[in-house]
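Let's take a friendly walk through this protein, from a single residue out to the whole fold and back again. Keep the viewer open as you read.

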Amino acid sequence: MSPSEPEPGLRTLKKQRTRQTIADVAIALFLDRGFAQVSVAEIAAAAEVSKPTLFRYFATKEELVLHRFADHLGEAGRVVRDRAAGLTPLDALERHHLAGLAAYEPQTGLTDDPEVLAFLRLVYETPELSAQLLDYVDADADALAEALDPQGGITARLFAAQYVAVRQVLARTAWARLADGQDIAEAGPQAVAETAAAFALLRDGARAQGF
């Protein structure tokens with residue numbers, strides 16, 4: 001190994017830190033003043049980078065916020081592909097969602113972290129962001145459909161669309177309760193019960209479709 005080999009790793013780390021700094025600055029400004037009221041130029045100045053540099057890391061203003069959802073893109077598909085033998089895709093997805101609730105993972109909506117609740121409010125209540133979020137939801141549904149049926153059958157696509165829609169409703173419902181001040185000790189069991197009810201409905205259709 002030559003002495004110069006570690007250098008690309010250092011460059012990558014620096015890029016990751018720059019990207020994170022830009023995103024953190026942007027989200028802080030959005031939370032303080034509102035998404036529409038903050039310009040890209042202001043974000044770049046506050047993050048001490050140029051506008052061209054900012055756009056090298058984030059193609060759009062919306063992406064400054066929604067990149068956090070990109071971290072979970074394809075997760076449902078991975079859960080299906082990596083499920084234990086004998087476990088149906090839907091059972092694997094339900095277990096995964098319940099595990100997320102138990103861990104109070106932000107993507108389930110069940111969290112009492114004030115910063116996360118404020119971030120989710122920003123996304124859900126900003127039209128530009130909530131509309132753009134649908135693109136991530138669609139991409140996740142496509143990835144799940146491919147995991148269910150690499151041939152791209154309509155049945156898998158319909159089931160995947162149903163699942164991601166249900167997951168979004170569950171997450172937003174859990175978030176809304178906590179954002180309104182409900183204690184997480186009370187909201188948690190409700191979220192678990194609603195998950196069971198939602199997956200029971202999905203399971204009726206899944207059995208008919210072979211999932």
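## Starting from one residue

Alanine 28 is partly exposed, because its relative accessible area is 45%, a value that falls between the 20% and 50% cut-offs. This model is predicted, so please read every value here as computed from it. The alanine sits in helix α1, which covers residues 7-33. If you look from alanine 28 across to valine 80, the two are 52 residues apart in sequence and 36 Å apart in space, C-alpha to C-alpha.

## The overall fold

Stepping back, the protein chain has 10 helices and 0 strands, so its elements read α-α-α-α-α-α-α-α-α-α from the N terminus on. Its C-alpha atoms fill a box of roughly 55 × 50 × 30 Å along the principal axes. Of the 211 residues in the chain, 40% are buried. Among contacts with a separation of 6 or more, 69% join residues 24 or more positions apart.

## The nonpolar core

Which residues have the most contacts inside the largest nonpolar core? They are Phe30, Ile43, Val65 and Leu93, in a core of 59 residues. Helix α9 (residues 154-179) supplies the largest share of this core, with 10 residues. Valine 65 shows what such a position looks like up close: leaving aside residues up to four places away in sequence, valine 65 touches Ile27, Phe30, Phe35, Phe119, Leu122, Val123 and Leu129.

## Helix α6 and a buried glutamate

Helix α6 runs over residues 89-102, 14 residues in total. From its first C-alpha to its last it reaches 20 Å, close to the 20 Å expected at 1.5 Å a residue. The buried residues in α6 are Pro89, Leu90, Ala92, Leu93, Glu94, His97, Gly100 and Leu101. In general, an α-helix has 3.6 residues a turn, so residues three or four places apart point the same way.

Glutamate 94 deserves a closer look. It lies in helix α6, and it counts as buried because its relative accessibility is 14%, under the 20% cut-off. Apart from residues up to four places away in sequence, glutamate 94 touches Thr195, Ala196, Phe199 and Arg203.

## Where α7 meets α8

Helix α7 (residues 114-125) packs against helix α8 (residues 127-148) at an angle of about 85°, with the axes 5 Å apart. That angle makes α7 roughly perpendicular to α8. On the α7 side, Leu122, Val123, Tyr124 and Glu125 take part, meeting Pro127, Leu129, Ser130 and Leu133 in α8. By class, this contact has 6 nonpolar, 1 polar and 1 charged residues. Leu122, Val123 and Leu129 are also among the residues that valine 65 touches.

## Two residues with positive phi

Most residues other than glycine have a negative phi. Here are two that have a positive one although they are not glycines.

| Residue | Phi | Place | Relative accessible area |
|---|---|---|---|
| Glutamate 48 | about 60° | loop between α2 (40-47) and α3 (51-57) | 74%, exposed |
| Tyrosine 104 | about 55° | loop between α6 and α7 | 42%, partly exposed |

Is glutamate 48 buried or exposed? Glutamate 48 is exposed because its relative accessible area is 74%, over the 50% cut-off. Tyrosine 104 comes just after α6, and it counts as partly exposed at 42% relative accessibility.

Conventions
Residues are numbered from 1 along each chain as its sequence is written. This is a predicted model: local features need pLDDT of at least 70, side-chain atom pairs count only at pLDDT 80 or more; totals for chains, interfaces and linings use all residues. Side-chain values use heavy atoms; hydrogens and water are left out. Helices (H or I, at least four residues) and strands (E, at least two) are DSSP runs, numbered from the N terminus. The expected span of a helix is 1.5 Å times one less than its number of residues. Buried means under 20% relative accessible area, exposed over 50%, partly exposed in between (1.4 Å probe, protein chains only). A nonpolar core is a set of buried Ala, Val, Leu, Ile, Met, Phe, Trp, Tyr and Cys residues joined through side-chain atoms within 4.5 Å. Contact means heavy atoms within 4.5 Å. Axes are lines fitted to C-alpha atoms, for helices over the stretch in contact, and angles run from 0 to 180 degrees between N-to-C directions. Angles under 35 degrees count as roughly parallel, over 145 as roughly antiparallel, 65 to 115 as roughly perpendicular and the rest as oblique. Ala, Val, Leu, Ile, Met, Phe, Trp, Tyr, Cys and Pro count as nonpolar, Asp, Glu, Lys and Arg as charged, and the others, Gly among them, as polar.
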